[in-house]
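Could you walk me through this structure while I have it open in my viewer? Please tell me what to select next and what is there.

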Amino acid sequence: MTESQTQILIIDDERDVCTFFRRLLTRRGYQVVTAANEPEALAALEAGRFSVALVDLKLPDTDGITLLEIIKSRQPSCEVIIMTGYSTVKTAVTAMQLGAYEYLEKPFDDIDQIEQMIERAAGAGAVHGRGGAAADEWAEVAQGVGFRVGVSPPMKRMVSLAYKVAGKDISVLIQGKTGTGKEVLARFIHAASARAGQPFIPVNCGALPENLLESELFGHEKGAFTGANQTRRGIFELANNGTLLLDEIGDATPQIQVKLLRVLETGEFMRVGGERPIKTDVRVIAATNVDLEQAIREKTFREDLFYRLNVVRLEIPSLAERHEDIPLLAEHFVQQLNRDLRLSPGTVRLLQGYSWPGNIRELANVMRRAVVICTGDTILPEHLGGTFLAGPSAPVRYGAQPAQRYADAGPLPAATDLVEQCRSCDCLERLGADELNGMLASLRQAQSNLLAVMRKKKIVPPLNALKDSEAETIKEALAQYDGNITEAAKALGIARNTLYRKMKELELPGR
């Protein structure tokens, strides 16, 4: 489709807006149709085929979300750009989650940006209209920051939204479980933004005591406290014109939350011991694995700060929700250390059958250990460790026969007999170390095969299965390290305080 054939639909009750776009886009060679309300919009959709529709979010007789759904149902290849004021940005982001291509903020200041956005949308609409799939426009940026997105549809949708909001100078809240890659996503947003050439500085709000965190964020004057021998600039100064990641924001104390709120509201702060306000222009990205809305109900997190941070919320799927990405990520971690190694089919199935409570961080740790102990050219299941948790100081070795069963990727011949055998402690007591390790490997493979078949048949395991699996994994880690929480947390690839919290949530005993 050439540009002269491209039809653009403008839906806005302000005639001046319709006239502006008609003049702007007609000069660019587009055919422009305008509508001021829902009946006119429906008539236009009946009469013509459009590549792009610019839709006002608020109309007298309807709203942009409703029209988005109508347009997408009638003309799926038409890309919809939502027009909105700043006060309705959250709704515009919701529209993008529902299939809108982008959003434009009123008033329209950057004409070149508008033309480029419409051109990109028209191109994407043309590809969609031909039945093709548009290339991921964010792929180059992701590769540049080492962000392995994978092929999981929920992950790709989330990254596409992150890429589009990256260019908007608004706060972003990233939520996800420990180890899902929140900092990598934040770096991706920074790299895709207009601030990419400026500093990106992450700070962990839960890693420092309150007095140190305040000094770290805002700096201090000479003599502000004992040991303050010289004036020190804080992160808000160092990150000026750049991006600041407030990681684990849910762990920030109430006093720090108050000071952060003031910076976000005024763009000003004072150093510890200082007397004059300092201006800062920082794009804030906050990340947390805590349910902040629950924290608000429990009075541990300020509601006003939450709304300041939560202009756009991005939720990273857990690794268990990205089942199809596990082989790709595992191979990536292996290739980083040894390009000559490959994964056996049995290893891949075992990895995909595991729940990964430590998410990508845990997977990275497991694959690094497997590379270290693998002596051949193929990573076999026994290289993963009996529980996926054992560190280099406690290697686990399986017998050759179970390992071969994994490598052959064949069915388990006597799973029922194996399970029955495991029910008898007396029987197990008579087995040696290699036989016990081999039996454990076979049981894990049986579980992996069972879950794979259940997924294929679309059978959903009991709702408490993941929780039970997580509890068992944590119990195994604690047993492996004789109750040492620090070592168990390291092996799981999670923070010590996160392990404490999970133990409390799952009601697990600990010392």
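Begin by selecting residues 7–11, which form strand 1, together with strand 2 (31–35). These two strands pair in the parallel sense over five bridges; strands are DSSP runs of E at least two residues long, numbered from the N terminus, and two of them pair if DSSP finds at least two bridges between them. Zoom in on Ile10, and you will find Thr34 of strand 2 opposite. A word on what you are viewing: this is a predicted model, in which local features need pLDDT of at least 70 and side-chain atom pairs count only at pLDDT 80 or more, while totals for chains, interfaces and linings use all residues. Residues are numbered from 1 along each chain as its sequence is written, and side-chain values use heavy atoms, with hydrogens and water left out.

Next, add strand 3 (52–56). Strand 1 pairs with strand 3 in the parallel sense too, over four bridges, and Ile8 faces Val52 there. Is strand 3 buried or exposed? Five of its five residues are buried, so strand 3 is largely enclosed by the rest of the structure; buried means under 20% relative accessible area, exposed over 50% and partly exposed in between, with a 1.4 Å probe and protein chains only. Color its two faces separately: Val52, Leu54 and Asp56 lie on one side, with Ala53 and Val55 on the other.

Now bring in strand 4 (79–84). Strand 3 and strand 4 run parallel and are joined by five bridges, with Leu54 partnered by Ile81. Adding strand 5 (102–105) completes an open sheet of five strands in the order 2-1-3-4-5. Strand 2 and strand 5 are the edge strands, each pairing on one side only. On average, neighbouring strands are turned by 20° against each other, direction ignored.

Show helix 1 (residues 15–27) next; helices are DSSP runs of H or I with at least four residues. Helix 1 packs on the sheet and touches strands 1, 2, 3, 4 and 5, where contact means heavy atoms within 4.5 Å. Its direction makes about 175° with that of strand 2; axes are lines fitted to C-alpha atoms, for helices over the stretch in contact, and angles run from 0 to 180 degrees between N-to-C directions. Helix 2 (residues 38–47) lies across strand 1 and strand 2, at about 145° to strand 2.

For the interior, select Ile11, Ile82, Ile174, Leu185, Phe188, Ile189 and Leu314, the residues with the most contacts inside the largest nonpolar core, which has 53 residues. Such a core is a set of buried Ala, Val, Leu, Ile, Met, Phe, Trp, Tyr and Cys residues joined through side-chain atoms within 4.5 Å. Helix 7 (residues 153–166) gives the largest share, seven residues. Center on Ile189: beyond its neighbours within four places in sequence, its contacts include Ala162, Val172 and Leu314.

Move on to Arg271, in the loop between strand 11 (268–269) and strand 12 (278–279). Why does Arg271 count as buried? Its relative accessibility is 12%. Its side chain makes a polar contact (2.9 Å) with the side chain of Glu237; the term covers N or O atoms within 3.5 Å, one able to donate a hydrogen and the other to accept it within protein, and residues adjacent in sequence count only if both atoms are side-chain atoms.

Finish with helix 14 (residues 326–337) and helix 15 (residues 345–352), which pack at about 115° with axes 9 Å apart. Ile326, Pro327 and Ala330 of helix 14 meet Val348, Leu351 and Gln352 of helix 15.
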